[in-house]
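Colleague: Could you take me on a close look at the salt bridges in this model? I would love to hear which parts of the chain they link and how buried the partners are.

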Amino acid sequence: MRWVILLHLSILCGLLTAPIQAQEWWEMETALEKGGMLHLDGKPWWGQAQQLKVGEELVLQSEYPNGGTMLIRREARTRGGKSKEMLVWILDDDGDMKKNSPEGDKDSDCYVADYDVDGTVDQMVDFIDVDGDNDPDEMGIRYFVDGELRNCWFGTDIDDDSDMWDIADYRYTGDFFQSDPYGNSEIYMNKYDPIQHRWLPISECPFAFFDTDADGESEITVRFSGAPLVFSKESDPDYANSIRRYQGEFDPAMNTMGVVNIRYSIDIDGQSSPENPLHYEMGFTMTGSLPYEFEGMLRHQPLRRSPKVSVCIPHDQVFETSNSYFAEQTGFTWREFADTSLNIGHPSRPEYDRRWEGVFWTWQRRILHNTGGPVQDWNSRREFLPTPSDSRVLYYSPVDRRIHLKGATEGWIQIGNIVGDAKLGEIRMYDTNHDGYFDRWEYYDAGEAAPYRVASVQDVENPEFGDDWEALRAFYMGEVLPSAIAQNQSLIEAIEGYPNAFQAIVPKELVQALEENISLDEHRYILDLIREIRFRQFRTQAREFAQAHLAEIPPKDSRADPNLRKETSRTWQLVMDVAELDWLYDRGAYYETAMRINALRSRLTE
């Protein structure tokens with residue numbers, strides 16, 4: 001396949017370095033000058049345009065052969081200050097502008113914006129109606145710096161809902177929640193090469209969304225990070241997300257672009273819906289050095305202004321490529337709950353922290369370059385795989401009853417900011433025998449250097465699921481969550497049957513969280529925390545009770561005293577039974593732990 005791609009590239013380079021032969025009037029009007037420049041002050045209508053006041057407009061006919069209608073108007077800018085104005089040049093590419101009431105539309109018209117009315121172009125928004133049904137199917141937002149084309153955001157309306165980009169002042173507003181991260185769609189960025197007059201992949205190329213159950217919402221989202229294969233991880237760790245790079249001057253290193261990071265997220269509990277959009281639970285973040293060479297990536301669009309060939313992997317190859325991506329390192333994230341210190345969610349529920357970008361890695365502890373942001377750290381479980389891999393294998397641990405990344409050597413979750421701003425603690429996970437599965441869990445109070453509990457469990461079976469997401473979803477929703485919730489409740493109820501001395505004070509924010517509109521997955525997380533608090537206090541009291549009784553027995557030879565023999569044996573058995581609770585609890589056997597706690601009630605309260 002590689003030689004085919006290289007052949008395509010050689011043909012493309014030959015085409016793009018040849019003299020520009022603009023055929024349509026609208027392309028000749030907006031043809032780029034040398035170096036990707038575009039000026040308005042040389043246009044025959046420029047003098048008239050400068051005299052316009054806000055709200056005034058000119059209607060003109062292009063002087064090029066078969067020239068169509070153009071509209072020039074002065075507008076007030078909605079961003080950047082009250083006194084800002086701009087000149088907007090609208091080209092009626094498809095010839096449907098009404099003569100008596102001219103107005104641009106969003107099927108096949110182009111909008112060129114000069115922010116300071118200084119004759120240099122700042123923005124261009126180009127709508128393309130590919131199938132002739134009078135709604136946009138593709139869209140490009142071109143960014144200019146001092147009149148020089150630097151980059152373009154492209155959009156493809158795969159599900160034909162006419163939504164792509166949310167724009168203001170003829171540029172992306174920065175709020176993609178109001179754009180189209182829903183259903184089947186994609187966006188991608190290209191960098192303009194002014195030397196060879198061509199597009200090159202850069203930054204998010206693509207950000208792709210997949211509706212797997214045809215409900216109009218996305219269940220999978222994938223982001224490729226495009227950067228030069230020789231970028232510096234030390235000085236440019238987030239190159240693909242740097243405006244300094246994609247809107248900066250062209251760098252020859254950009255001639256060899258690669259996919260240096262892939263993030264993909266999945267709605268594993270199947271709750272994504274119009275009522276709960278962007279409901280992703282888990283995600284992978286992977287770093288690597290894959291050359292940006294994919295069959296079908298050269299997208300020639302004759303209705304696009306030159307350069308007509310954009311570059312992006314086809315939408316239907318994105319997820320498959322992600323699953324087989326050769327990753328140098330991998331981070332696995334599971335969003336357990338929201339973080340009250342953030343408000344980064346959907347506009348309808350900003351405090352819920354569900355991001356359109358999905359669930360991805362952090363910039364703390366273990367650094368994965370080109371991860372991007374924004375990032376939720378609290379109540380997000382992280383697992384780190386430091387070695388190369390070309391597949392993602394997930395497994396279920398019966399110890400903590402969670403889904404994990406096979407091969408991850410360490411993990412952690414910071415617990416807190418659940419309703420208020422209280423920091424509760426942290427859980428750390430390790431694979432100590434390097435067999436690919438976690439076998440040690442350490443539990444910390446907030447701010448403490450030493451764990452208050454350590455669970456080391458190695459002799460368990462960890463069922464694997466590979467990347468069979470449907471099987472994983474069925475198992476997780478049908479078995480894992482119902483069982484985890486039921487076992488939590490069973491153990492909590494067993495402890496709550498004891499006198500007050502055995503009871504811990506549960507933080508009010510955890511009780512309040514259970515009353516909120518949360519998912520089953522989140523409900524289970526809160527119950528986990530309540531169960532841990534309850535059992536920790538119960539274990540302390542049970543140990544103290546058993547130890548106190550043991551200390552009361554006289555330290556003497558019991559051969560001649562049958563009552564003493566009976567009492568010392570009975571008390572020691574209680575100590576052993578209490579110790580066994582720890583062993584059962586550490587293994588995640590919460591039903592068995594609850595049964596033993598119930599069975600010990602009379603002896604621990606006598």
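Modeller: Happy to! Let's start with Arg305, which is buried, with a relative accessible area of 2%. Keep in mind that this is a predicted model. The side chain of Arg305 meets that of Asp93 in a salt bridge, 2.7 Å from N to O. Arg305 sits in the loop between strand S16 (298-300) and strand S17 (309-311), and Asp93 in the loop between strand S3 (85-91) and strand S4 (110-114), so the pair ties together parts that are 212 residues apart in sequence. Asp93 is buried too, at 14% relative accessible area, which is under the 20% cut-off.

Next comes a pair with partly exposed partners: Lys233 at 41% and Glu328 at 27%. Their side chains form a salt bridge at 3.6 Å, N to O. Lys233 lies in the loop between strand S13 (220-228) and helix H4 (243-246), while Glu328 lies in the loop between helix H5 (315-324) and strand S18 (329-335), 95 residues apart.

Strand S18 also brings us to Arg335, which pairs with Glu522 in helix H8 (residues 520-552), 187 residues apart. The closest N and O atoms of this salt bridge are 2.8 Å apart. Arg335 counts as buried at 4% relative accessibility, and Glu522 is buried at 1%.

Beyond pairs, there is a network: shared salt-bridge partners join Glu336, Arg381, Glu383, Arg402, Arg524, Asp528 and Arg531. For the whole model, the count comes to 42 salt bridges.

How values were computed
Residues are numbered from 1 along each chain as its sequence is written. This is a predicted model: local features need pLDDT of at least 70, side-chain atom pairs count only at pLDDT 80 or more; totals for chains, interfaces and linings use all residues. Side-chain values use heavy atoms; hydrogens and water are left out. A salt bridge is a side-chain nitrogen of Lys or Arg within 4 Å of a carboxyl oxygen of Asp or Glu. Helices (H or I, at least four residues) and strands (E, at least two) are DSSP runs, numbered from the N terminus. Buried means under 20% relative accessible area, exposed over 50%, partly exposed in between (1.4 Å probe, protein chains only).
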